Amino acid sequence: MFDISSIYQAQSVADAIRALEQDPGALVIAGGTDVLIKVREGKLAGCRLVSIHGLEELKGISQAPNGDIEIGPLSTFRDVTYDKIIRANVPVLGEAADMAGGPQLRAAGTIGGNVCNGITSADTASTLVALEAVLRVRGPRGEREVPISRWYHGVGKVDLAPYEVLTKIVLPRKGYEGFTGHYIKYAMRSAMDIATLGVSCLAQLSQDKRETRQVRLAFGVAGPVPMRAPGAEAAASNRPVEQALAAIGPAALGDVSPRSSWRASREFRLQLVEELSARALAEAMRKGGAQV
Amino acid sequence: MMEILRCTVNGRPVEVGIDQRESLADVLRERLGLTSVKKGCEVGECGACTVLVDGTAIDSCIYLGVWAQGKTILTVEGLQNENGELSPIQQAFVEEAAVQCGFCTPGIIMSAVEIVGSGKRYTREELRKLISGHLCRCTGYQNILNAVERAVNEAHKFVGREEQEQ
Ligand SMILES: Cc1cc2nc3c(=O)[nH]c(=O)nc-3n(C[C@H](O)[C@H](O)[C@H](O)COP(=O)(O)OP(=O)(O)OC[C@H]3O[C@@H](n4cnc5c(N)ncnc54)[C@H](O)[C@@H]3O)c2cc1C
């Protein structure tokens, strides 16, 4: 039995917000694959929970008439990976989601939980950062949208005010259209392991596929929160593909600030940043038709 | 914090009083006596507690019992034929000597049920990934993989034959 002092099963988002307002200090639980672990470890022992598990209005992935892709936060990793719209437009996000945990975990953990936990190693986070996703949140005073560049405030802290619930992850059309992408998760095991480093690269190519246009690069575990690498992006954008490949890794070193942990030293992470940036760019460009 | 859970377990409708703080693994083991559902790590890493919820394999140790409201649950106890014989998937584990201490076996069998039920064929590498959410502390992975592969192939032979007959 879990050490929980109360759990309220919300019937709708409005109901969840109301329940959170009535019980300040209560925590949202979605798939529970972070929360229940923390309860078990004792970090959240005795917590009060508002469950949004199973709320239909927070599920599903659709494409708006303007081309924006809207992902319900309760979509599991598995839902994201196998979704037709994701596969057709942003396969890199589905591939990243497919690297979390193992199959049973991917059937339970949600993409909303993955961005609300504010954890730098979250496997979908770096790709969502590169895609310039927008987080739509709803609270007692209505709905607001937060660009992902302003979402992460610090380790485990995101731009969710009290009583707010994430209701959509929006991928604006201009964030993904014309790009091909690749995500690399570097970990000691190929399943059931947390990333030592995560790198997501999106690339746009010239018509003849010999030059880059816009390149976007984002990391997990290269700093306290998932982050973009603006220096590396500038160094790799609008260049002949070979030059972009040579430039991106060294430039990325100036963007990141990894630390040493029991998983890996800062030095090793820096080496991964340099090496994997180029590999992710090469693969992203290959998917876009470049000969590299 | 009691609540009535109504769901279908191994083909039978079930109505049982549960505490809202219980995991689905707790409910299945303690309330319903389905002890094929093993508690290993209790943090979603070892896969010993794997059951199917509406056909999908999940770790029942990190799934609240109350979330199973109205759902269909399958455990190894639900695989036996009416006459008590093992299912072809269980039989494949016997044939391939894929069982050592046996603790991880029920969980892996449930993942295999989902894999075989998909009706698809898989490479060995794909099967490795599909059972990567399970730990076998006896490290008998080769035979386990052989068993899952055998179960998939046998199901496919059977489906193939049915297709020809039509
Ligand atoms: C064995 C195991 C392996 C794992 N491996 C990986 C891995 O490889 N990669 C990885 O990235 N993660 C991994 N995780 C972590 C976890 O599965 C993911 O972070 C998952 O995305 C969390 O989603 P959830 O719905 O289960 O979150 P929950 O535990 O329900 O919630 C997580 C946090 O987000 C908040 N929250 C969730 N949804 C909302 C919402 N809609 N609005 C507001 N707040 C919300 C909750 O309040 C909580 O603080 C692993 C976990 C386990 C147990």
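Here are four short exercises, with worked solutions, on a predicted model of two chains and a ligand.

**Exercise 1. Describe how chain A and chain B meet: how many residues take part, and which elements of chain A are involved?**

Step 1. Start with the head count. Chain A puts 28 residues into the contact, and chain B puts in 31 residues.

Step 2. Now look at the area. About 2300 Å² is buried between chain A and chain B, and carbon and sulfur atoms give 61% of that.

Step 3. Check the charged pairs. There are three salt bridges between the two chains. One of them joins R40(A) to E42(B), with their closest N and O atoms 3.2 Å apart. That fits the cut-off, because a salt bridge needs such a nitrogen within 4 Å of a carboxyl oxygen.

Step 4. Add the polar contacts: nine residue pairs across the interface of chain A and chain B, both partners at pLDDT 80 or more.

Step 5. Find the elements on chain A's side. Those giving two or more residues are β1 (4–9), α2 (35–41) and α6 (103–106) of chain A. β1(A) gives the most, with five residues.

Step 6. Sort that side by class. You get 13 nonpolar, ten polar and five charged residues.

**Exercise 2. Work out which residues come nearest to the ligand, and why the site counts as shared between chains.**

Step 1. List the neighbours. There are 34 residues around the ligand, and V28(A), A30(A), T33(A), T110(A) and D123(A) come nearest.

Step 2. Ask which chains they belong to. Residues from chains A and B surround the ligand, so the site is shared between chains.

Step 3. Pick out some polar distances. In the side chain of D34(A), an N or O atom is 2.8 Å from an oxygen atom of the ligand. With G101(A) a backbone N or O atom is involved, lying 2.8 Å from a ligand oxygen. D123(A) has a polar side-chain atom 2.7 Å from a ligand nitrogen.

**Exercise 3. Split chain A into its domains, then say what domain 1 of chain A offers to domain 2 of chain A.**

Step 1. Read off the domain assignment: domain 1 (4–51), domain 2 (59–173) and domain 3 (180–287).

Step 2. Place the pair. The centres of domains 1 and 2 of chain A, taken over C-alpha atoms, are 20 Å apart. Ten residues of domain 1 and 13 residues of domain 2 make the contact.

Step 3. Look at the area: about 940 Å² is buried between these two domains, with 75% from carbon and sulfur atoms. On the domain 1 side, V13(A), I17(A) and T33(A) supply 42% of the buried area, more than any other three residues.

Step 4. Count the links. There are zero salt bridges here, and one residue pair in polar contact, both at pLDDT 80 or more.

Step 5. Name the main element. Helix α1 (residues 13–22) of chain A gives the largest share of the domain 1 side, four residues. By class, that side holds six nonpolar, two polar and two charged residues.

**Exercise 4. Do the job again for chain B: where are its domains, and which residues of domain 1 lose the most area?**

Step 1. Chain B is divided into domain 1 (2–78) and domain 2 (88–159). Their centres, over C-alpha atoms, are 21 Å apart.

Step 2. About 1100 Å² is buried between them. In domain 1, K38(B), T50(B) and V76(B) lose the most, together 37% of what that side buries.

Step 3. Finish with the links: zero salt bridges, but three residue pairs in polar contact, both at pLDDT 80 or more.

Note on methods
Residues are numbered from 1 along each chain as its sequence is written. Chains are lettered from A and ligands numbered from 1 in the order in which they are written. This is a predicted model: local features need pLDDT of at least 70, side-chain atom pairs count only at pLDDT 80 or more; totals for chains, interfaces and linings use all residues. Side-chain values use heavy atoms; hydrogens and water are left out. Contact means heavy atoms within 4.5 Å. Buried area is the accessible area (1.4 Å probe) that two parts lose on being put together, summed over both. A salt bridge is a side-chain nitrogen of Lys or Arg within 4 Å of a carboxyl oxygen of Asp or Glu. A polar contact is a pair of N or O atoms within 3.5 Å; within protein, one must be able to donate a hydrogen and the other to accept it, and residues adjacent in sequence count only if both atoms are side-chain atoms. Ala, Val, Leu, Ile, Met, Phe, Trp, Tyr, Cys and Pro count as nonpolar, Asp, Glu, Lys and Arg as charged, and the others, Gly among them, as polar. Domain bounds come from an automatic or database domain assignment. A residue is near a molecule or strand if one of its heavy atoms lies within 4 Å of it.
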